[in-house]
Amino acid sequence: MLDLRLLRFFIAIYEQKNITAAAERCHVSQPSLSAGLRQLEESLGDNLFLRGKKGVEALPAAHYLYPHAVKLVEEARRLPELFRQKASRARLNLAVMPDLSKRRLAALLQRIQQHLPSLDLTLSDHETPADCRLTLDVLRREDEIFLPLWEEDYVLCVPAAHPFARREQVELHELQDQDFIECPPCEAHQQTLGLLACDRLTLNLVAKAQSKGLVMALVLAGVGISFLPDGLVEDEPALRCVPLAGPRMFRRIGLCYPARQTLSPALVALIPELAARPAS
């Protein structure tokens, strides 16, 4: 490894074009500077300067080395400052539930970055302990506060070739005997099944999936139709989203954070900003 001190000697010689002036600039004796230059040349296996009576002339190897040496020395000079900056940066660990709208999530992260530009942000799996959670209101724990951010409507999702794909709206009774993919944890699915049961209607349950993303994969495969949040399928051209006549079905996404614990400084600064301008 090259000694940064030798690179500083080299930069001074290159810029001063004189050994004596360079030695004065580096606050070392001329013999020490010359010895350092020889050591650097031996390490690189090439001569850097042509020595003359009036000073030194940089050789091609010196012209090549100079910008790299300046960069290395400057980075080394700034290293303690960078560490101090990193140590003083606010930190926030945000656990994010899966199957969210990528556009709305990106817009939220952009707002966070704009409001706290020096934030050291970590995104974690929704099961990982974190400072706060981006999740559904129904998943709020008893010891948490829920700050609503946006809502996503549930829509009937069908493949592009399905007869419902060209409809502006589908009546509830038209779901009778349709091949349907169920997501048991989903309240919208359970609500729809309950409404159908009240009217003595049934769906043909052909598959189950434990997440919205897996439900979407089954719909794309042509296994059946299902209800999905509009934000999840907004960029999927192979699916058609059809509103269902009847009560609105939607999910509310927001920030869950501890109600009785000390919050991270970054979260304390962020909450008023998010509360003032909820996402659309």
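**Cavity**

I began with the largest cavity of this predicted model, and I noted that about 30 Å³ of space lies in it. I then looked up how many cavities of 30 Å³ or more the structure holds, and the count is 1.

For the walls of the largest cavity, I listed Leu92, Leu94, Leu108, Ile112, Cys132, Leu255, Leu270 and Leu274. Sorting the residues of this lining by class, I found 8 nonpolar, no polar and no charged. I also checked which elements supply at least two residues each to the lining of the largest cavity, and I wrote down β3 (91–96), α5 (102–115) and α8 (265–276).

**Positive phi values**

I went on to backbone angles, keeping in mind that most residues other than glycine have a negative phi. Lys17 has a positive phi, near 60°, although it is a residue other than glycine. I placed Lys17 in the loop between α1 (4–16) and α2 (19–26), and I noted that it counts as exposed, since its relative accessibility is 52% and the cut-off for exposed is over 50%.

His27 is another entry of this kind, a residue other than glycine with a positive phi near 60°. I found His27 in the loop between α2 and α3 (30–44), and I recorded it as exposed, with a relative accessible area of 74%.

**Salt bridges**

Side chains of opposite charge can pair when their charged atoms come close, so I looked up the total and found that the structure holds 17 salt bridges. I followed three pairs in detail.

In the pair of Arg25 and Glu15, I read a distance of 2.6 Å between the closest N and O atoms of the salt bridge. Because Arg25 lies in helix α2 and Glu15 in helix α1, the pair ties together parts that are 10 residues apart in sequence. I noted Arg25 as partly exposed at 38% relative accessibility, and Glu15 as partly exposed too, with a relative accessible area of 35%.

Next I looked at Asp235 and Arg103, whose side chains meet in a salt bridge at 2.5 Å, N to O. Asp235 sits in the loop between β9 (226–229) and β10 (239–242), whereas Arg103 belongs to helix α5, so this pair ties together parts that are 132 residues apart in sequence. I recorded Asp235 as partly exposed, at 47% relative accessibility, but Arg103 as exposed, with a relative accessible area of 52%. I add that helix α5 had already come up in my notes, as a supplier of at least two residues of the lining of the largest cavity.

Last, I turned to Glu151 and Arg252, which form a salt bridge with their closest N and O atoms 3.1 Å apart. I noted that this pair links distant parts of the chain, with Glu151 in strand β6 (residues 144–159) and Arg252 in strand β11 (residues 250–258), 101 residues apart. Glu151 counts as partly exposed at 30% relative accessibility, and Arg252 counts as partly exposed at 27%.

Which residues are joined into one network by salt bridges that share partners? I wrote down Asp137, Glu151, Asp153, Arg248 and Arg252, and I closed the entry there.

Note on methods. Residues are numbered from 1 along each chain as its sequence is written. This is a predicted model: local features need pLDDT of at least 70, side-chain atom pairs count only at pLDDT 80 or more; totals for chains, interfaces and linings use all residues. Side-chain values use heavy atoms; hydrogens and water are left out. On a 1 Å grid over the protein atoms alone, a cavity is a set of points where a 1.4 Å probe fits but cannot get out, and a pocket is an open set with protein on both sides within 12 Å along at least five of seven lines; lining residues have an atom within 4 Å of a point. Grid points are joined across faces, edges and corners, and a volume is the space filled by probe spheres set on the points. Helices (H or I, at least four residues) and strands (E, at least two) are DSSP runs, numbered from the N terminus. Ala, Val, Leu, Ile, Met, Phe, Trp, Tyr, Cys and Pro count as nonpolar, Asp, Glu, Lys and Arg as charged, and the others, Gly among them, as polar. Buried means under 20% relative accessible area, exposed over 50%, partly exposed in between (1.4 Å probe, protein chains only). A salt bridge is a side-chain nitrogen of Lys or Arg within 4 Å of a carboxyl oxygen of Asp or Glu.
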